[in-house]
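User: I am new to this structure and would like to learn how to read a few of its features. Where should we begin?

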Amino acid sequence: PVIVADREELGGGTLVAAAARVNPKTLTFMMKYGSGMISAPMAKATYSEVVSNGVTSLSLKQHSSAQDAGFSAESRSETLRALASKNSVASDFQTPGHVIASPTEEGGMKAAPRPLEAAVELANLAGLSPVGVASELVSEDRLSRMPLEDLESFAKAQNLVVTSIEDLLSFLLDSPSEE
């Protein structure tokens with residue numbers, strides 16, 4: 001889906017997905033229409049397990065050869081799925097890399113209603129690991145964020161759902177919490 005911070009805002013949509021289910025085709029799409037920067041927002045507990053020394057630019061160690069330095073959509077999707085795996089530890093990753101690990105705020109969207117927290121909330125709602133994938137949509141000339149009017153037609157043409165931070169937050173607040 002596409003998350004917008006505010007439907008009245010002049011621009012700003014973020015493509016999001018669940019890291020546990022991301023594949024090369026999805027990542028290629030995100031790299032083509034997004035900023036090119038692939039972020040992996042995750043719960044702070046997950047972040048502390050997979051990030052060492054505060055370096056957030058990661059790739060799987062298996063992609064350390066000159067032939068594949070972790071830049072391809074296939075390598076990045078493998079890195080993202082590994083970040084979502086309960087079996088991954090910091091030593092599985094190398095730095096620098098081509099996926100940016102980003103810790104989200106404790107309390108998720110209720111504490112910080114932003115697109116990165118939304119990606120993690122959506123993964124949680126799907127019953128998946130609390131690790132998302134995010135890339136901000138950019139204009140066709142790649143010089144600025146995609147304007148809202150272009151974002152809506154883009155989403156329709158690509159058969160993507162557009163939702164706002166406000167709508168998702170309202171859903172979360174109205175849903176019974178599991179405690």
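Analyst: This is a predicted model. A cluster of rings is a convenient start: Phe 29, Tyr 33 and Phe 154 form one aromatic cluster.

User: How should I read a pair of aromatic rings?

Analyst: Two values describe such a pair, namely the distance of the centres and the angle of the planes. The count of aromatic pairs in this model comes to three. One of them joins Phe 29 and Tyr 33, with 4.8 Å from centre to centre and 55° between the planes, and this pair is tilted.

User: Where do Phe 29 and Tyr 33 sit along helix H1?

Analyst: The general idea is that an α-helix has 3.6 residues a turn, so residues three or four places apart point the same way. Phe 29 and Tyr 33 are four residues apart in helix H1 (residues 24-33), which means that about one helical turn separates them.

User: Is Phe 29 buried or exposed, and what about Tyr 33?

Analyst: Buried means under 20% relative accessible area, and exposed means over 50%. Phe 29, at 22% relative accessibility, counts as partly exposed. Tyr 33 has a relative accessible area of 23% and is partly exposed as well.

User: The cluster also includes Phe 154. Which residues of helix H6 are buried?

Analyst: In helix H6 (residues 148-158), the buried residues are Leu 148, Leu 151, Phe 154 and Ala 155. Viewed down the axis of H6, these buried residues fall within an arc of 115°, so they line one face of the helix. The face turned away from that buried side carries Glu 149, Lys 156 and Ala 157, which are exposed.

User: What covers the buried residues of H6?

Analyst: The cover includes S1, S2, H1 and strand S7 (162-164). H1 is also the helix that holds Phe 29 and Tyr 33.

User: How do I spot unusual backbone geometry?

Analyst: Most residues other than glycine have a negative phi, and most peptide bonds are trans. Departures from either pattern can be listed one by one. Asn 159 follows H6 and has a positive phi, near 60°. Asn 159 lies in the loop between H6 and S7, and at 72% relative accessibility it counts as exposed. Arg 142 also has a positive phi, near 65°. Arg 142 is found in the loop between S6 and H6 and counts as partly exposed, at 40% relative accessibility.

User: Which peptide bond is cis?

Analyst: The bond from Thr 95 to Pro 96 is cis, with omega near -5°. Pro 96 has its place in strand S5.

User: How do I read a pocket? Which elements line the second largest one?

Analyst: Start with volume, then look at the lining. The second largest pocket has a volume of about 240 Å³. Its lining has 18 residues, and Thr 14, Pro 115, Leu 116, Ser 135 and Glu 136 lie nearest its centre. Strand S1 (2-4), strand S2 (13-18), strand S5 (93-103), helix H5 (115-125) and strand S6 (132-136) each supply at least two residues of this lining. S6 gives the most, with three residues.

User: How do the lining residues of the second largest pocket divide into nonpolar, polar and charged?

Analyst: The lining of the second largest pocket has eight nonpolar, seven polar and three charged residues. Some of its elements have come up already: S1 and S2 are among those that cover the buried residues of H6, and S5 is the strand in which Pro 96 sits.

Key: Residues are numbered from 1 along each chain as its sequence is written. This is a predicted model: local features need pLDDT of at least 70, side-chain atom pairs count only at pLDDT 80 or more; totals for chains, interfaces and linings use all residues. Side-chain values use heavy atoms; hydrogens and water are left out. On a 1 Å grid over the protein atoms alone, a cavity is a set of points where a 1.4 Å probe fits but cannot get out, and a pocket is an open set with protein on both sides within 12 Å along at least five of seven lines; lining residues have an atom within 4 Å of a point. Grid points are joined across faces, edges and corners, and a volume is the space filled by probe spheres set on the points. Ala, Val, Leu, Ile, Met, Phe, Trp, Tyr, Cys and Pro count as nonpolar, Asp, Glu, Lys and Arg as charged, and the others, Gly among them, as polar. Rings of Phe, Tyr and Trp (its six-membered ring) pair if their centres lie within 6.5 Å; planes under 30 degrees apart count as stacked, over 60 as edge-to-face and the rest as tilted. Buried means under 20% relative accessible area, exposed over 50%, partly exposed in between (1.4 Å probe, protein chains only). The arc is that of the directions from the helix axis to the C-beta atoms. Contact means heavy atoms within 4.5 Å.
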